[in-house]
Amino acid sequence: ADAKKLKPSEPVLNAGFEEGAGRSVGAWIEGPIEGGLRPSADGTQPGAGRRSLRMDVSASCSGGLIQRVVIEPGAVYRIQAKIRAEKLDGDAYVTLFTGDINAPITRTEMLKQIPNRWAEITGKFASQKRRCVYVCCYVKAKSGIVWFDDVELIREK
């Protein structure tokens with residue numbers, strides 16, 4: 001039998017939110033969510049693929065969907081995601097944290113308000129001695145809708 005070379009795997013699973021149904025979005029789980037924030041998988045107008053993550057804000061809220069990812073110590077990663085919003089009163093971005101969702105190690109830039117158009121947001125992250133980190137699609141807002149898609153951690157060096 002031929003031993004196949006393993007390609008380095010993408011640390012973020014289900015980055016495009018293609019798996020799962022309803023409130024279950026594959027490898028993503030609800031992190032600490034306070035207030036009126038409701039995540040769901042959405043098949044209308046994804047950034048890529050067939051689906052994206054939709055976050056409905058019905059009242060003042062903070063929190064998001066998180067995923068624990070295994071990373072390589074001593075590496076530098078680029079965080080990137082596609083994001084879109086409609087009538088958002090607040091902020092939305094992707095953060096990385098280890099212990100406390102409210103004390104992120106790093107985060108992408110915030111969404112700039114371009115109504116209903118997908119925008120790419122990016123950030124940088126040095127793993128240092130860490131072997132795992134939580135990736136979070138984070139929303140802190142009073143009202144509106146935010147979509148996330150293709151949330152990736154790409155190893156740069």
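**Close-up 1. Trp28 and its contacts.** Contact here means heavy atoms within 4.5 Å. The model is predicted. Neighbours within four places in sequence are set aside in the list that follows. Trp28 touches Val12, Leu13, Asn14 and Phe17. Contacts with Leu65, Ile66 and Gln67 are also found. Val135, Cys137 and Val151 complete the set for Trp28.

**Close-up 2. The largest nonpolar core.** This core holds 35 residues. Trp28 is among the residues with the most contacts inside it. So are Val135, Val139, Phe148, Val151 and Leu153. Four strands give two or more residues each: strand 3 (52-70), strand 4 (76-97), strand 6 (119-126) and strand 7 (132-155). Another core, of six residues, lies apart from the largest one. Its members include Phe97, Ile101, Cys136 and Tyr138.

**Close-up 3. Cys136 and Cys137, two cysteines without a disulfide.** The whole structure contains zero disulfides. For Cys136, the nearest cysteine sulfur is that of Cys137, 6.6 Å away. For Cys137, the nearest is that of Cys136, at 6.6 Å. A disulfide would need the two sulfur atoms within 2.5 Å, and neither Cys136 nor Cys137 is in one. Cys136 is buried, at 0% relative accessibility. Cys137 is buried too, with a relative accessible area of 0%.

**Close-up 4. Strand 4 and its pairing partners.** Strand 4 runs antiparallel to strand 7, joined by 18 bridges. Within that pairing, Ala85 has Val146 of strand 7 as its bridge partner. Strand 4 also pairs with strand 6 in the antiparallel sense, over eight bridges. There, Ile83 is bridged to Ala119 of strand 6. Strand 5 (residues 106-107) is antiparallel to strand 4 as well, with two bridges between them. Thr95 has Arg107 of strand 5 as its bridge partner. In a regular strand, side chains alternate between the two faces of the sheet.

**Close-up 5. The Tyr93–Tyr138 ring pair.** Four aromatic pairs are counted in the structure. In one of them, the ring centres of Tyr93 and Tyr138 are 5.4 Å apart. Their planes stand at 35°, so the pair is tilted. Tyr93 belongs to strand 4 and Tyr138 to strand 7, so the pair ties together parts that are 45 residues apart in sequence. Tyr93 is buried, with a relative accessible area of 8%. Tyr138 is also buried, at 6% relative accessibility.

**Close-up 6. Arginines over aromatic rings.** Arg107 lies over the face of Tyr93. The distance to the Tyr93 ring centre is 4.4 Å. Arg107 is also the residue of strand 5 that bridges to Thr95. Elsewhere, the charged end of Arg84 sits over the ring of Trp147. Arg84 is 3.8 Å from the centre of that ring.

**Close-up 7. Thr108, a buried loop residue.** Thr108 sits in the loop between strand 5 and strand 6. Is Thr108 buried or exposed? At 3% relative accessibility, Thr108 is buried. Under 20% counts as buried. With neighbours within four places in sequence left aside, Thr108 contacts Ile79, Tyr93 and Val94. Ile121, Thr122 and Gly123 are in contact with Thr108 as well. Tyr93 thus recurs in this view: it is the ring under Arg107 and the partner of Tyr138 in the tilted pair.

How values were computed: Residues are numbered from 1 along each chain as its sequence is written. This is a predicted model: local features need pLDDT of at least 70, side-chain atom pairs count only at pLDDT 80 or more; totals for chains, interfaces and linings use all residues. Side-chain values use heavy atoms; hydrogens and water are left out. A nonpolar core is a set of buried Ala, Val, Leu, Ile, Met, Phe, Trp, Tyr and Cys residues joined through side-chain atoms within 4.5 Å. Buried means under 20% relative accessible area, exposed over 50%, partly exposed in between (1.4 Å probe, protein chains only). Two strands pair if DSSP finds at least two bridges between them. Rings of Phe, Tyr and Trp (its six-membered ring) pair if their centres lie within 6.5 Å; planes under 30 degrees apart count as stacked, over 60 as edge-to-face and the rest as tilted. A charge sits over a ring if NZ of Lys or CZ of Arg is within 6 Å of the ring centre and within 35 degrees of the ring normal.
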